[in-house]
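This tour proceeds from one selection to the next. Please keep the viewer open and follow each stop in turn.

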Amino acid sequence: MAAFKETKFPADAPVAQKAVGWIDDRFPLTKLWNDQWGKYYAPKNFNFWYIFGSLAMFVLVLQIVTGIFLTMHYKPDANLAFGSVEYIMREVPWGWLVRYMHSTGASSFFIIVYLHMTRGLMYGSYRKPRELIWLFGFAIFLCLMAEAFFGYLLPWGQMSYWGAQVIVNLFGAIPLIGPDLSLWIRGDYVVSDATLNRFFAFHVIAIPLVLLGLVAAHLIALHEVGSSNPDGIEVKENLGADGHPVDSIPSHPYYTVHDLFGVSIFLLIFSAVVFFAPEMGGYFLEYNNFLPGDSLKTPLHIAPTWYFTPFYSVLRATTADFMWVLMVGTAAYVAFLWLKSRLSFQVKAAIAVGALVAIVGMLPSVLDAKFWGVVFFGGSVVILAFLPWLDHSPVKSIRYRPDWHKYVYALLAIAFVTLGYLGTQAPSVIGTIVSQVCTLYYFGFFLLMPWWSAAGTFKKVPDRVTFHPH
């Protein structure tokens, strides 16, 4: 066995340097820092869209810290939960601030993640060789949705109680296993103390552990293949004499300052919301959630928090009448695949058989619209995972795509925001029609992407990144 050799420092070396050296001899602290940030070379043409990744990390830490302080006073008991939240707000020193930071942080997290995903869409950050990074990111998004759902019940307010009741009951629409699955999730025949306890355990322990592991995997995968950039050029293909890409710069100190500026702007906006509008007009904290949960009094309009409403609108748009439109759309899509796709005959035949089974299942006498609403609700989320294999564009960045591609992306953003807004409103005839149109466009965007993403006249991608020093 090789003898242990400790790093030697001059007698007058700073104490901090000696301490770090002592740790490095026993744990690769400096190596980890250099590999993951200090000497990690990133493209030099990052713009403000690349702030949201580090902001998401910052908000994750904020949520964990504020969550720890909240659990010190929160009581996961159906008879005490609402009162313990009120105690935190009124009696615990600065408890109101910690609670508002946590609730505002939840909405901030989703805003940042949606913007982070938007950047990925615009600049093709999911394309080869970054497919695994995208899949890890998608898994993080699923964990965030689960974390938010489990945490939503904990205040035990009216909207928390009935929102959880409605969402859990959706699983009951699954044939054969649905009722038993709903019962298993609740732990009781209704949302009760058993439900609150298991949701608390998932929200505080189980999901955060999985989330932290996925974030670590996301970052390791990112730093293994390198960051994307607004031009969609692989900077690693052009190395300098020092072995580093000529169009890249060390993350520290350059992007450290860049991200600190982004964090400063975020904290300014975040503080304004926390101190002056923590409820954000009922979008961040619903007014009904300031009333204790009552199993005998149903709110007039039950809706999930705003960050779920785009997908919730897809569920509500799936009405019995709309099923006929979906049947026609499914048949038309399969016909389009047969005519335009280069898939093998066996794959086309399998898709056609699957589509036929789905169309038969959409008949009112077979499976009701509620079941298909749950299917499309889940499908609207899961379809995002397949983006790396749906995009067949010869270029990555939207900068070098045909101009009309930008309008296709802009319409997707409008459709998504419209679905989100309609999901917060009470159902109406006009709202249902608009949400159905937006749902068709949302799915059409992804399902037709292999063809439209490769269509049009593409601009020439430069050999090196475009960079304007400032």
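Begin by selecting glutamate 234, which counts as buried because its relative accessibility is 16%; buried means under 20% relative accessible area, exposed over 50%, and partly exposed in between (1.4 Å probe, protein chains only). The model is predicted, so local features need pLDDT of at least 70, side-chain atom pairs count only at pLDDT 80 or more, and totals for chains, interfaces and linings use all residues. Residues are numbered from 1 along each chain as its sequence is written, and side-chain values use heavy atoms, with hydrogens and water left out.

**Salt bridges**

Add arginine 130 to the selection. Its side chain meets that of glutamate 234 in a salt bridge, at 2.7 Å from N to O; the term denotes a side-chain nitrogen of Lys or Arg within 4 Å of a carboxyl oxygen of Asp or Glu. The two residues are 104 apart: arginine 130 belongs to the loop between α5 (95–123) and α6 (131–153), and glutamate 234 to the loop between α9 (193–225) and β2 (248–250). Helices (H or I, at least four residues) and strands (E, at least two) are DSSP runs, numbered from the N terminus. Arginine 130 is also buried, with a relative accessible area of 3%.

Next, select arginine 464 and aspartate 247, a salt bridge whose closest N and O atoms are 2.7 Å apart. Arginine 464 lies in the segment after α18 (449–452) and aspartate 247 in the loop between α9 and β2, so the pair ties together parts 217 residues apart in sequence. Arginine 464 is partly exposed at 42% relative accessibility, whereas aspartate 247 is buried at 4% relative accessible area. Include Lys44 as well, since a network of salt bridges links Lys44, Asp247 and Arg464.

Move to helix α4 (residues 81–90), where arginine 90 and glutamate 86 are four residues apart and therefore separated by about one helical turn. Their salt bridge has its closest N and O atoms 2.9 Å apart. Arginine 90 is exposed, with a relative accessible area of 64%.

**A helix pair**

Select helix α7 (residues 158–170) and helix α8 (residues 178–186). Which residues meet between α7 and α8? Gln165, Val168 and Asn169 in α7 meet Ser182, Ile185 and Arg186 in α8, where contact means heavy atoms within 4.5 Å.

**A last stop in helix α3**

Finally, select valine 61, which is found in helix α3. With 48% relative accessibility, valine 61 is partly exposed.
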